[in-house]
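Me: I am new to this structure and would like to go through it slowly, with each term explained as it comes up. Could you show it first and then take my questions in turn?

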Amino acid sequence: LRSLAFWFGTRRSFADLPKLQHLTRVDIWRTRQLEIADLAPLNDIGGLQTLALRELPKVSTLTWLTNRSLRDLELDLENLASLTSVSGVPRLENLAIRHPAPRDLLAQLTRLPTVRAVYLYPPALNQVHDGETPAGAAFVLRPIDVVDGQFMPFGVNLVRERHIAAGDRCC
């Protein structure tokens, strides 16, 4: 078993997931009763590479997320206070943001030095490109180019990409 999805459920205990040695991807969507403490066992999944957290109203921070193998993170968390709360994920490379992007998105992303690609829906991508690129940014912005409800295909070359580098002005 390499991938597990929990959709529209009531499950609140993920304590057994670290026992699944080959698990590389977990998707949790609309499991509305989940508290932050319920998600802590995700940090103990040794091979977890991709995590999707979508429509979890009680999750307002990701400071608890410290999984050392996690590389890809998809977020649709309306109550998330700041993207910089994922700074405890030491190998995070790809970040997909399905909810509207915060106004200071680029500034927040520059505080996440390991992130190399950020996926946004085209309207949010266009909004972000209207502003100045912060100095020191070293990531690529890409559109989410999938049908809603499908999992973000990390690693797939998407058509439109924008390289963000120090001193560049977007679009």
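Reply: A nonpolar core is a set of buried Ala, Val, Leu, Ile, Met, Phe, Trp, Tyr and Cys residues joined through side-chain atoms within 4.5 Å. Buried means under 20% relative accessible area, exposed means over 50%, and partly exposed lies in between, with a 1.4 Å probe and protein chains only. This is a predicted model, in which local features need pLDDT of at least 70 and side-chain atom pairs count only at pLDDT 80 or more, while totals for chains, interfaces and linings use all residues. Residues are numbered from 1 along each chain as its sequence is written, and side-chain values use heavy atoms, with hydrogens and water left out.

Me: Which residues have the most contacts inside the largest nonpolar core?
Reply: Contact means heavy atoms within 4.5 Å. The largest nonpolar core has 43 residues, and those with the most contacts inside it are Ile28, Leu62, Leu73 and Leu120.

Me: Which residues does leucine 62 touch, not counting residues up to four places away in sequence?
Reply: Leucine 62 belongs to the group with the most contacts inside the largest nonpolar core. With residues up to four places away in sequence set aside, leucine 62 touches Leu53, Leu73, Leu75, Leu77, Leu80, Ser85 and Val86.

Me: What pattern does the protein follow when read along the sequence?
Reply: Helices (H or I, at least four residues) and strands (E, at least two) are DSSP runs, numbered from the N terminus. The protein has 3 helices and 8 strands. Read along the sequence, they follow the pattern β-β-α-β-β-β-α-β-α-β-β.

Me: Is glutamine 108 buried or exposed?
Reply: Glutamine 108 is placed in helix α2, which covers residues 105-109. Beyond its neighbours within four places in sequence, glutamine 108 is in contact with Ser82, Leu83, Thr84 and Pro102. Because its relative accessibility is 4%, glutamine 108 counts as buried.

Me: Which residues are joined with Glu55 into one network by salt bridges that share partners?
Reply: A salt bridge is a side-chain nitrogen of Lys or Arg within 4 Å of a carboxyl oxygen of Asp or Glu. Arginine 30 forms one with glutamate 55, where the closest N and O atoms are 2.5 Å apart; this pair links distant parts of the chain, since arginine 30 lies in the loop between β2 (25-29) and α1 (36-39) and glutamate 55 in the loop between β3 (50-54) and β4 (72-76), 25 residues apart. Arginine 32 also forms a salt bridge with glutamate 55, with the closest N and O atoms 3.6 Å apart. Salt bridges that share partners thus join Glu55 into one network with Arg30 and Arg32.

Me: Is lysine 19 buried or exposed?
Reply: The side chains of lysine 19 and aspartate 16 meet in a salt bridge, at 3.5 Å from N to O. Aspartate 16 has a relative accessible area of 46% and is therefore partly exposed. Lysine 19 has 62% relative accessibility, so lysine 19 counts as exposed.

Me: How are the rings of phenylalanine 6 and phenylalanine 14 paired, edge-to-face or stacked?
Reply: Rings of Phe, Tyr and Trp (its six-membered ring) pair if their centres lie within 6.5 Å; planes under 30 degrees apart count as stacked, over 60 as edge-to-face and the rest as tilted. By this rule the count comes to 3 aromatic pairs. The rings of phenylalanine 6 and phenylalanine 14 have their centres 5.0 Å apart and their planes at 75°, so the pair is edge-to-face.

Me: Which residues form one aromatic cluster?
Reply: The rings of phenylalanine 8 and tryptophan 29 have centres 5.5 Å apart and planes at 45°, so this pair is tilted. Phenylalanine 8 lies in the loop between β1 and β2, and tryptophan 29, 21 residues apart from it, lies in strand β2. The residues that form one aromatic cluster are Trp7, Phe8 and Trp29.

Me: In which strand is confidence lowest?
Reply: The predictor's confidence in each residue is its pLDDT, from 0 to 100, and the mean for the protein is 80, with 79% of its residues reaching 70 or more. Where pLDDT is low, the predicted coordinates should not be read in detail. Confidence is highest in β3, at a mean of 94, and lowest, at a mean of 36, in strand β8 (residues 162-164).
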